[in-house]
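Biologist: Please take a close look at the ligand site. Which residues surround the ligand, and how do they hold it in contact?

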Amino acid sequence: MSAQIISGKTVAAVVKDRVRKEVAALAAKGVEVGLATLLVGEDPASHVYVNYKHKDAKSVGITSIDVKLPADATQDDVFAAVDELNARQDVTGMIVQLPLPEGLDGEAAVERVLPTKDADGLHPFNLGRLVLGQPGPLPATPSGIMSMLDHYNIEIAGKVAVVVGRSFLVGRPMALMLGMKGTDATVIQAHSRTPDLAAVCRQADILVAAIGRPEMIDSQYVKPGAVVIDVGMNRSDDGLLGDVAFSEVSQVASAISPVPGGVGPMTRAALLTNTVRLAR
Ligand code: NDP
């Protein structure tokens, strides 16, 4: 079997078209949409991600505001920068690019962002609303994955979903969203202490790998016919690698998202969706 490719690139283009129209409609009513990014330090990958976010924003008519602090910034410097962006009228949404350099508390920085400007959907208030099933900005990566599953008409209700990873950024909100009333997967949340992970993963009709271990999920972890979503972004000498061994798993799965071109573009598209909704 050769799996169908779940192309985040394709779905992200559809989402961006929709956002572009929404931004134009808001502009016609005199509402400008402005996305600010706060980047601390010199991490090269973070610089690349932030540049992409500005490029994306521009491509849909969102004004972007780029704030950078040096690697030796203190927690108070970070809070001051967030406070300033919270106060600006032209900033309708913002993100704090994670991770922050060693010694700085990224979760505290995210908590400092006004929940009404939380474009990443990671503020505890908005995560709480997600737990309660109330509307609000959703964490961008799992939200992007849900849009991708929806676009490809992948049935979720009644299926067993295994999410490997339990970070607050990806794994935990992903498990919540798949198991929400109305979405109705039966969810298993696996992690580094899960015994016999391969056997657990083989129960999955939908397998989401959010681990950060290059190509760890091989065909031994995948039930024939499963849908496999690869969140991993692992930089190596061979380029960007996912958490899934794509060439062998694509022979077993019915559908699979590639790296690059899968979850990454959808995360960025979901950020734009959150930004325009916050402005509205
Ligand atoms: P974290 O490091 O915060 O979390 C990793 C999770 O994987 C943890 O819950 C950890 O378990 C679990 N884990 C680690 N090793 C194993 C193992 N051997 N077996 C089973 N579980 C394991 O990472 P993130 O969630 O932030 O990111 C995960 C991956 O997704 C990374 O590659 C990251 O770069 C990528 N990513 C991609 C995005 C995109 O847009 N495509 C966006 C965000 C992240 P435990 O809790 O027990 O430690």
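Modeller: Here is the site, starting with the ground rules. This is a predicted model, where local features need pLDDT of at least 70, side-chain atom pairs count only at pLDDT 80 or more, and totals for chains, interfaces and linings use all residues. Residues are numbered from 1 along each chain as its sequence is written, and side-chain values use heavy atoms, with hydrogens and water left out.

Start with the shell. It holds 22 residues, each with a heavy atom within 4 Å of the ligand. The closest are Arg166, Ser167, Ser192, Met233 and Thr267. By type, the shell has ten nonpolar, ten polar and two charged residues. Here Ala, Val, Leu, Ile, Met, Phe, Trp, Tyr, Cys and Pro count as nonpolar, Asp, Glu, Lys and Arg as charged, and the others, Gly among them, as polar.

Which element gives the most to this shell? Helix H10, residues 263-279, does, with three residues. A helix is a DSSP run of H or I, at least four residues long, numbered from the N terminus.

Now the polar contacts, meaning pairs of N or O atoms within 3.5 Å. The side chain of Arg166 places an N or O atom 2.7 Å from a ligand oxygen. Ser167 has a polar side-chain atom 2.5 Å from an oxygen of the ligand. For Ser192, a polar side-chain atom also lies 2.5 Å from a ligand oxygen. As for cover, the ligand on its own has 920 Å² of accessible area, and the protein covers 72% of that. Such areas come from the Shrake-Rupley method with a 1.4 Å probe.

How values were computed. Polar contact = N/O pair within 3.5 Å; in protein donor to acceptor, adjacent residues only side chain to side chain. Helix = DSSP H or I, 4+ residues; strand = E, 2+ residues; numbered from the N terminus.
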